[in-house]
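Welcome! Please take a moment to look over the sequence and the 3D view below, and then let us walk through them together.

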Amino acid sequence: MKTLAQLAELVNGSVVTGDKNIEIKGIEHDSRKAAEGTLFVCIEGFHVDGHKFIPQAVEKGAKAILTTRSAEAVDVPEGVAVLQVPELKAALDVIVPFFHDYPAQKMRVIGITGTNGKTTTSYLIRAILREAGYKVGLIGTIQIMMEEEVFPIHNTTPDVVELQHTLAIMRDKGMDYVVMEVSSHALDQNRVAGIEFDTAVFSNLTQDHLDYHKTLENYKLAKAKLFDLLGKEGVKENKTAVVNADDEAGKTMLEHAKCRQLTYGIDNKASLQATNVEVLASGANFTLTEEFLGKLDLQLHITGIFNVYNVMAAVGAAIAEKIDPAVIKKALLNFTSVPGRFELVKAGQDFSIIVDYAHTPDGVENVLNTARRIAKKKIIAVFGCGGDRDRTKRPIMGRLAAELADVVIATSDNPRSEDPAFILSEVEAGVKETIGDKHHECIIDRREAIFRAVELAETDDIVIILGKGHEDYQILKDKTIHFDDKEVAREAVAAKKGA
Ligand SMILES: CC(=O)N[C@H]1[C@@H](OP(=O)(O)OP(=O)(O)OC[C@H]2O[C@@H](n3ccc(=O)[nH]c3=O)[C@H](O)[C@@H]2O)O[C@H](CO)[C@@H](O)[C@@H]1O[C@H](C)C(=O)N[C@@H](C)C(=O)N[C@H](CCC(=O)O)C(=O)O
Ligand SMILES: Nc1ncnc2c1ncn2[C@@H]1O[C@H](COP(=O)(O)OP(=O)(O)OP(=O)(O)O)[C@@H](O)[C@H]1O
Ligand SMILES: N[C@H](CCC[C@H](N)C(=O)O)C(=O)O
Ligand SMILES: [Mg+2]
């Protein structure tokens, strides 16, 4: 446990008003999670000002407030101390890791960045490390895992307060490794402050998140920060950057990585080279050649060229961590799926239903091309684009779906604060560019859209439902409702059979 004075000492120019010697039992910026002895951090967010929630935090037991404002300017009840700092984010970045005794220094940490493939690669790395007998923690889009235990998550990469707390629990539970997705938002906001990475992986860079980063160049440089961090001197040694040699932006990542470098690729020369790549309906096979591995013939139960890249990225990380090639091979052979990624829904129908998380132009293109390789007849694609997210990707995703599928049903995908009909009109503008006389429909209600796709499906067709993957919710303007593509698809099949 630390006292408020110990935390204040870390920040130049800090001022404490009230009892310096109180023991801080936890740090929280969300009043709803405050508890007895909490230091409540007042963040002026994109939407609301955290100072508004001081009364709620105190009611829940907060004993001190961290703010950039003076004690006189914040309204705190008697007995609650105020730690005033010149700059909140900079203060948090040093206070929080210190408070938890720098948990990331006690475990090996593997970070994965890139537009697509982070979650899949993190699951693959976790599987390999567990096969090697290590205890593994995982932090990413779907959930937090500590061995078999599962905890919910709200962002792909949590903020510094939640992240350091999670890492501390992982350390206390004896994890050897942490495998984590590192989003561009997280790098831009330095949510990873206090983490020294051992191995960092770059998957790819294609268009997404331009609402936030404004340009692709800024987006790329945000990703490159992971490699700056990796190369920085610290308490750890033997750091490795694992980078996709077939992606143009890989060069930038390598320029930023002042440490050992491993590249992987099919088209360009790389330290891990894939040859004889065979993509099948049931999986993919390829030969991987590398100095340490030698030649490894791999059989995968996950399909698509993009998954060959994800596997190479994971093997690169495993080599960096000196995992035995036989263990790598065994783990990959046993690896069957990631929830909501190219996942088959089997409800006794005579056509295929695939649920996938493609929500970027590149993701849509990859996944529809993969579906085409295995399609016997028509591909019916159901998809939408998120509200309050990069608007410019909407017509591009529309165009690609129209180009690569036979029937397109555009629908809603987390409209958030936006009007779903307006989002659909932006998607449809792209669909109309290339659809020609192929069938297309716009159906705002996602349930109706899935039912319609299933109704249209004939023997041996593929219905592919994109964008939400593992998500079990739909975020609407005023509420979040339960919504699960797989569940709805099963209901649609049952309805079709009953009809
Ligand atoms: C744009 C962005 O990064 N926003 C993040 C930011 O939210 P914000 O600034 O809007 O916070 P706010 O809602 O204004 O609240 C301000 C403060 O009041 C506090 N509060 C609020 C309500 C209350 O009742 N009590 C309370 O104390 C909040 O805890 C917060 O400290 O800080 C929040 C807390 O850390 C984040 O959850 C939130 O992520 C939002 C949900 C988000 O959608 N982020 C996306 C863009 C994102 O970060 N995505 C990336 C990448 C996804 C990918 O992989 O492609 C990710 O890592 O998830
Ligand atoms: N290496 C890849 N290259 C291109 N597309 C991919 C790749 N891997 C997966 N995809 C596509 O992108 C979707 C999302 O994959 P995944 O969840 O692994 O990526 P992610 O980077 O974690 O995404 P997010 O940024 O939302 O967390 C998949 O469902 C698939 O359609
Ligand atoms: N991590 C991505 C996920 C998008 C998933 C899609 N279902 C959407 O809501 O747009 C984001 O927050 O932009
Ligand atoms: Mg992810």
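A residue is counted as near a molecule when its C-beta atom, placed from the backbone, lies within 6 Å of that molecule. With that cut-off, 22 residues surround ligand 2, and those that come nearest are Gly117, Lys118, Thr119, Thr120 and Ala358. Three elements, α4 (118–131), α10 (305–320) and α12 (361–374), each give two or more residues to the shell around ligand 2. The largest share, four residues, comes from α12. Please keep in mind throughout that this is a predicted model.

**The chain as a whole**

Now let us step back. The chain has 499 residues, and a compact globule of that length would have a radius of gyration near 23 Å; the chain has 24 Å, which agrees. Its C-alpha trace spans about 75 × 55 × 40 Å along the principal axes. You will find 16 helices and 26 strands in the chain, and 51% of the residues count as buried. Of the contacts between residues at least 6 apart in sequence, 66% join residues at least 24 apart.

The chain is divided into domain 1 (2–99), domain 2 (103–334) and domain 3 (343–498). Between domain 1 and domain 3, the C-alpha centres are 45 Å apart.

**Three ligands and their surroundings**

Where does ligand 2 lie with respect to domain 2 and domain 3? Both domains give residues to the shell around ligand 2, so this ligand lies between them. Ligand 1 has 20 residues around it, and the closest are Gly45, Phe46, His47, Asn155 and Ser183. At least three residues of the shell around ligand 1 come from domain 1, and at least three from domain 2.

For ligand 3, the surrounding residues are Thr156, His359, Gly386, Arg389, Asp413, Asn414, Gly467, Lys468 and Glu471. The table sets out each shell by residue class.

| Shell | Nonpolar | Polar | Charged |
|---|---|---|---|
| Ligand 1 | five residues | 12 residues | three residues |
| Ligand 2 | five residues | 12 residues | five residues |
| Ligand 3 | no residues | five residues | four residues |

**A residue in helix α10**

Helix α10, one of the elements that line ligand 2, holds asparagine 310. Is asparagine 310 buried or exposed? Asparagine 310 has 30 other C-beta atoms within 10 Å, so it counts as buried; the cut-off for that is 20 or more. Leaving aside residues up to four places away in sequence, asparagine 310 touches Gly117, Thr120, Thr121 and Leu124. Two of these contacts, Gly117 and Thr120, are also among the residues that come nearest to ligand 2. Asparagine 310 and threonine 120 are 190 residues apart along the chain, yet their C-alpha atoms are separated by 6.8 Å.

**A helix inside the structure**

Finally, have a look at helix α13, residues 393–404. At 1.5 Å a residue, its 12 residues should span 16 Å, and the end C-alpha atoms are indeed 16 Å apart, which agrees. How many of the 12 residues of α13 are buried? The count is 11, so the helix is largely enclosed by the rest of the structure. Among the buried residues are Lys393, Arg394 and Arg399, along with Ile396, Met397 and Leu400. The buried residues of α13 pack against α12, β21 (379–383), β22 (407–410), α14 (420–434) and β23 (439–442). You have met α12 before: this helix gives four residues to the shell around ligand 2.

Technical notes:
Residues are numbered from 1 along each chain as its sequence is written. Chains are lettered from A and ligands numbered from 1 in the order in which they are written. This is a predicted model: local features need pLDDT of at least 70, side-chain atom pairs count only at pLDDT 80 or more; totals for chains, interfaces and linings use all residues. Ala, Val, Leu, Ile, Met, Phe, Trp, Tyr, Cys and Pro count as nonpolar, Asp, Glu, Lys and Arg as charged, and the others, Gly among them, as polar. Domain bounds come from an automatic or database domain assignment. The radius of gyration is taken over C-alpha atoms; the globule rule is 2.2 Å times the number of residues to the power 0.38. Two residues are in contact if their C-beta atoms, placed from the backbone, lie within 7 Å. The expected span of a helix is 1.5 Å times one less than its number of residues.
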